[in-house]
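Welcome! Please take a moment to look over the sequence and the model, and then we will walk through them together.

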Amino acid sequence: MGGPQPLPRFAPKVPAGWIVQLYRRDALGIQDWELLDKVGARLYVRCLEVLAVSDSLVRCPQCGTEFEVPWIGQPADRVASCPSCNWSISAGVYHARFEHQDLLGGNARGAFTTFVEEYPRARSYAERMLIVDRLVHAVHVSGNTVVRNLIEGHPRHVLAILDGLAAVDASNTHVGP
Ligand SMILES: [Zn+2]
């Protein structure tokens, strides 16, 4: 032991531009698998992290084991130790670590859970696109906090971008899948 402990790292958010490009290509009938995978994979790890933090869980940066860090109403120096190695983190450090990462979820928890369950199972482009679209729609209707959980940029700008996508979506609905 001794020496500084590594801190948990969190996955980056998804740039709004990636989502816009994905929707534009899709609307043109272009199946950009690479872009879809890129967007889907980031949404996936980000949703997992929001869900984990909402349950006060942390993934050990040394061995990858996930364990609980009790912090709500706890003294900041209360330490939680990894059950599999010698890494540990205090309630105060844990809270400070995720506080500015926009990882506290709430009102879109159901949509995040559905996404992490469904996305890896879906095989075709159309299925995956539909699952991404459902999550993006849930983000869109849930507003600022949820936008902050997943998408890079100022929430108000991101919401304006998503308004634009929804308009494109609505004008395409008569065309079918
Ligand atoms: Zn560990």
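Which residue takes a positive phi just after H5? Glycine 143 does, with a phi of about 85 degrees. Keep in mind as you read on that this is a predicted model.

## The chain as a whole

Let's begin with the overall picture. The protein chain holds seven helices and six strands. If you follow the sequence from start to end, these elements come in the order β-α-α-β-β-β-β-α-α-α-α-β-α. The C-alpha trace spans about 60 × 30 × 25 Å along its principal axes.

How much of the chain is buried? Of its 177 residues, 25% are buried. Contacts can also link distant parts of the sequence: among those between residues at least 6 apart, 57% join residues at least 24 apart.

## Helix H1

H1 covers residues 16–27. Its twelve residues should span 16 Å at 1.5 Å a residue, and the end C-alpha atoms are 17 Å apart, which agrees. Ala16, Ile19, Leu22, Tyr23 and Asp26 are the buried residues of H1. Seen down the helix axis, these buried residues fall within an arc of 125 degrees, so they line one face of H1.

After H1 you will find glycine 29, which has a positive phi near 80 degrees.

## Helix H2 and what covers it

Next comes H2, which runs over residues 33–54 and has 22 residues. From the first C-alpha to the last, H2 reaches 31 Å, close to the 32 Å expected at 1.5 Å a residue. Which residues of H2 are buried? They are Val39, Gly40, Arg42, Leu43, Arg46, Cys47, Glu49, Val50 and Val53.

Several elements help to cover these buried residues, including strand E1 and the helices H1, H3, H4, H5 and H6. Just after H2, serine 56 takes a positive phi of about 60 degrees.

## Leucine 57 in strand E2

Leucine 57 belongs to strand E2, which is made of residues 57–59. Is leucine 57 buried or exposed? The count lies in between: leucine 57 is partly exposed, because 15 other C-beta atoms lie within 10 Å, while a buried residue would need 20 or more and an exposed one 12 or fewer.

Leaving aside residues up to four places away in sequence, leucine 57 touches Ala52, Glu66, Phe67 and Glu68. You can also compare leucine 57 with tyrosine 94: these two are 37 residues apart in sequence, and their C-alpha atoms are 9.6 Å apart in space.

## Helix H5 and its two sides

H5 has 18 residues and reaches 26 Å from its first C-alpha to its last, close to the 26 Å expected at 1.5 Å a residue. The buried residues of H5 are Arg128, Met129, Ile131, Val132, Leu135, Val136 and Val139. They cover an arc of only 165 degrees around the axis, which puts them on the same side of H5.

What does the face turned away from the buried side carry? There you can find the exposed residues Ala126 and Val141.

## How H5 packs with H2 and H4

Now try turning the model to look at pairs of helices. H2 and H5 pack with their axes 11 Å apart, at an angle of about 45 degrees. These two helices are therefore oblique to each other, and their crossing is left-handed. On the H2 side, the contact is made by Trp33, Leu36, Val39, Gly40 and Leu43. On the H5 side, the residues are Tyr125, Arg128, Met129, Val132 and Leu135.

H4 and H5 make another pair, with axes that come within 10 Å and cross at roughly 170 degrees. H4 and H5 are therefore roughly antiparallel to each other, and H4 passes H5 in a left-handed crossing. Here Ala111, Phe115 and Glu118 of H4 meet Ile131, Leu135 and Ala138 of H5.

## Glutamate 117 in helix H4

To finish, look at glutamate 117, which lies in helix H4. Why is glutamate 117 exposed? The reason is that 10 other C-beta atoms lie within 10 Å, and a residue counts as exposed at 12 or fewer.

Glutamate 117 is 73 residues from tyrosine 44 in sequence, and the two are 9.5 Å apart in space, C-alpha to C-alpha.

Conventions
Residues are numbered from 1 along each chain as its sequence is written. This is a predicted model: local features need pLDDT of at least 70, side-chain atom pairs count only at pLDDT 80 or more; totals for chains, interfaces and linings use all residues. Helices (H or I, at least four residues) and strands (E, at least two) are DSSP runs, numbered from the N terminus. The expected span of a helix is 1.5 Å times one less than its number of residues. Two residues are in contact if their C-beta atoms, placed from the backbone, lie within 7 Å. The arc is that of the directions from the helix axis to the C-beta atoms. Axes are lines fitted to C-alpha atoms, for helices over the stretch in contact, and angles run from 0 to 180 degrees between N-to-C directions. Angles under 35 degrees count as roughly parallel, over 145 as roughly antiparallel, 65 to 115 as roughly perpendicular and the rest as oblique. A crossing is left-handed if the near helix is turned anticlockwise from the far one by less than a right angle, and right-handed if clockwise.
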